[in-house]
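Me: Please give me a close look at a single part of this structure, following it residue by residue and relating it to what surrounds it. I would like one connected account rather than a list.

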Amino acid sequence: MAKTKSFILRIDTEMMDAIETWAADEFRSTNGQLQWIIAEALKKAKRMPKKSKKAVEPATGEEQD
């Protein structure tokens, strides 16, 4: 599971209302909707960090942690 980091976000009421409505329409929490919006923006801007693949032991072909 990915580590998370908490932070405070100040956002105007009108924008927050729109995000909450959008989240409800997609059966997500407001936090989940914000995470999705940010992830999509990062992907679109090609700034999403690459996920690391597990290393494979050359001799045995088994995954390493």
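Reply: Helices here are DSSP runs of at least four residues, numbered from the N terminus, and on that basis the part I have chosen is α2, which spans 30-44. The model is a predicted one, and its chain holds two helices and zero strands. Of the 65 residues of the chain, 8% count as buried, while about 6,600 Å² is exposed, 55% of that area being supplied by carbon and sulfur atoms.

The approach to α2 is the loop that follows α1 (13-25), and Phe27 has its place there. Most residues other than glycine have a negative phi. Phe27, which is not a glycine, has a positive phi of about 55°. Its relative accessibility is 79%, and because exposed means over 50%, Phe27 belongs in that class. A salt bridge joins Glu26 to Arg28, with 2.5 Å between the closest N and O atoms. Both partners are partly exposed, Glu26 with a relative accessible area of 33% and Arg28 at 31%.

Within α2 itself, Glu40 and Lys43 form a salt bridge through their side chains, at 3.5 Å from N to O; together with the pair Glu26 and Arg28, this accounts for the two salt bridges that the structure holds. Glu40 and Lys43 are three residues apart in the helix, which means that about one helical turn separates them. Glu40 is partly exposed at 33% relative accessible area, and Lys43 is also partly exposed, at 49%.

Ile37, too, lies in helix α2, where a relative accessible area of 26% makes it partly exposed. Its C-alpha atom is 9.5 Å from that of Ile19, a residue 18 positions away along the chain.

Ile38 takes part in two features. With Leu42 and Met48, Ile38 makes a nonpolar surface patch of about 230 Å². Met48 lies in the segment after α2, and its relative accessible area of 35% makes it partly exposed; patch members need over 30%, so Met48 meets that requirement.

Ile38 is also one of the residues that line the largest pocket, as are Asn31, Leu34 and Gln35. The rest of the lining comes from Ala2, Lys3, Thr4, Lys5, Ser6, Phe7 and Leu9. By character, the lining divides into five nonpolar, four polar and two charged residues, and the space in this pocket amounts to about 450 Å³.

Beyond the end of the helix, Lys46 is found in the segment after α2. Lys46 has a positive phi of about 55° although it is not a glycine, and at 77% relative accessibility it counts as exposed.

Taken together, α2 contains the salt bridge between Glu40 and Lys43, and the lining of the largest pocket includes Leu34 and Ile38. Ile38 also meets Leu42 and Met48 in the nonpolar patch, with Met48 placed in the segment that follows the helix.

Key. Residues numbered from 1 in each chain as written. Predicted model: local features only at pLDDT ≥ 70, side-chain atom pairs only at ≥ 80, totals over all residues. Heavy atoms only, no water. Patch = residues over 30% accessible without salt bridge, like charges linked within 9 Å, V, L, I, M, F, W, Y side chains within 5 Å. Areas by Shrake-Rupley, 256 points an atom, 1.4 Å probe, with all protein chains shown as cover. Salt bridge = Lys/Arg side-chain N within 4 Å of Asp/Glu carboxyl O. Buried < 20%, exposed > 50% of the residue type's maximum accessible area, 1.4 Å probe, protein only. 1 Å grid on protein atoms, 1.4 Å probe; cavity = no way out; pocket = protein on both sides within 12 Å on 5 of 7 lines; lining within 4 Å. Points joined across faces, edges and corners; volume = space filled by probe spheres on them. Nonpolar A, V, L, I, M, F, W, Y, C, P; charged D, E, K, R; others polar.
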